[in-house]
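Q: Could you take me through one part of this model in detail, and show how it relates to the rest of the chain? I am new to this structure, so please explain each term when it comes up.

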Amino acid sequence: MSGCGKVRAWQVPLRLITGAFILHSGMEKWDGPDEQAQGVHGMARQSFPFLENIDAPRFLRLLAAGEIALGAALLTPAVPTRLAGAALTGFAGSLMAVYAQTPGLRKEGSVWPTPDGIGVSKDSWLLAIGLALTLSPREKHLKNLKHLKQLTHAKDVKDVRDAKRHGRHQQHGPRCRPEQHAGGGERLKQAKQAKELAKTLSQGGHSHHHAHRHGPAHARKACPAHR
């Protein structure tokens with residue numbers, strides 16, 4: 001799928017079932033009788049007054065066309081899920097507006113339906129499905145999360161390996177050579193340099209003591225202390 005990525009497994013039943021239901025509903029309304037047109041148009045006018053300028057048969061045909069297009073979009077994998085979900089959310093939201101503003105569909109002072117409003121109230125499930133599809137994460141975002149998890153896992157593995165290597169180093173005792181472990185070569189080099197520096201300072205201190213005791217002109221080789 002283009003756009004927002006492929007259809008994920010959990011999205012398939014949502015798109016398939018709602019798409020098939022809405023497509024079938026639109027096809028039935030396409031050639032609906034005048035009684036159906038008058039009833040649907042009458043409920044819609046109470047929520048959307050501008051629909052009074054449209055006659056009932058034409059409104060029913062427009063509604064049928066919209067449902068057919070929406071159902072086909074949900075059933076077509078090439079349509080991005082977030083786009084299809086946004087269209088479903090808008091459609092279901094308009095149905096819930098009709099449910100909220102039509103007298104007799106809800107109990108007085110309550111959001112719960114009357115027996116006559118149960119059929120319309122169930123459109124709230126379509127609204128929930130539309131929101132779920134609209135808010136589904138993008139494919140790029142999912143790839144970034146997967147990459148982050150891989151990096152975190154790799155770091156954890158490295159930390160475990162370093163811990164095991166350090167444990168082996170402690171078990172080796174004095175026979176273990178530092179250069180066998182990570183950073184051991186550098187530490188060994190520093191230790192050698194420190195040892196050479198200490199030796200140089202020790203020799204220099206002895207020479208200074210010798211010159212102070214015997215005088216600068218005293219021959220080092222002739223001194224009994226150096227034989």
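**Helix H1 and its partners**

A: Helix H1, which covers residues 11-30, supplies three residues to the nonpolar patch, the largest share of it (helices are DSSP runs of H or I of at least four residues, strands E runs of at least two, numbered from the N terminus). The model is predicted, so local features need pLDDT of at least 70 and side-chain atom pairs pLDDT 80 or more, while totals for chains, interfaces and linings use all residues. Residues are numbered from 1 along each chain as its sequence is written, and side-chain values use heavy atoms, leaving out hydrogens and water.

The patch itself is made by Val12, Leu16, Ile17 and Leu75, and it comes to about 350 Å² of surface (patch residues have over 30% relative accessible area and no salt bridge, with nonpolar side chains joined within 5 Å and like charges within 9 Å; areas are Shrake-Rupley values with a 1.4 Å probe). Leu75 belongs to helix H3, residues 56-75, and it is partly exposed, having a relative accessible area of 32% (buried is under 20%, exposed over 50%, partly exposed in between).

Is Ile22, another residue of interest, buried or exposed? Ile22 also has its place in helix H1, but with a relative accessible area of 2% it is buried. Once its neighbours within four places in sequence are left aside, Ile22 is in contact with Glu67, Leu70, Gly71, Leu74, Leu88 and Phe91 (contact means heavy atoms within 4.5 Å). Ala64 lies 42 residues from Ile22 along the chain, and the C-alpha atoms of these two are separated by 9.3 Å.

Charged side chains come next, and a search of the whole structure finds two salt bridges (a side-chain nitrogen of Lys or Arg within 4 Å of a carboxyl oxygen of Asp or Glu). One of them joins Glu67, already named among the contacts of Ile22, to Lys29, with 3.4 Å between the closest N and O atoms. This pair links distant parts of the chain, since Glu67 is in helix H3 and Lys29 in helix H1, 38 residues apart. Glu67 counts as buried at 6% relative accessibility, and Lys29 counts as buried as well, at 14%.

In the other salt bridge, the side chains of Arg61 and Asp31 meet at 3.7 Å, N to O. Here too distant parts of the chain are linked: Arg61 is in helix H3, whereas Asp31 is in the loop between H1 and helix H2 (34-47), 30 residues away. Arg61, at 35% relative accessibility, counts as partly exposed, while Asp31 counts as exposed at 61%. Arg61 has a further partner, for its charged end sits over the ring of Trp30, 4.2 Å from the ring centre (NZ of Lys or CZ of Arg within 6 Å of the centre and within 35 degrees of the ring normal).

To place these details in the whole, the secondary structure of the protein chain comes to eight helices and zero strands, giving the pattern α-α-α-α-α-α-α-α along the sequence. Of the 227 residues in the protein chain, 24% are buried. Its accessible surface is about 15,900 Å², and carbon and sulfur atoms account for 61% of that surface. Among contacts between residues at least 6 apart in sequence, 61% join residues at least 24 apart.

Note on methods:
Buried means under 20% relative accessible area, exposed over 50%, partly exposed in between (1.4 Å probe, protein chains only).
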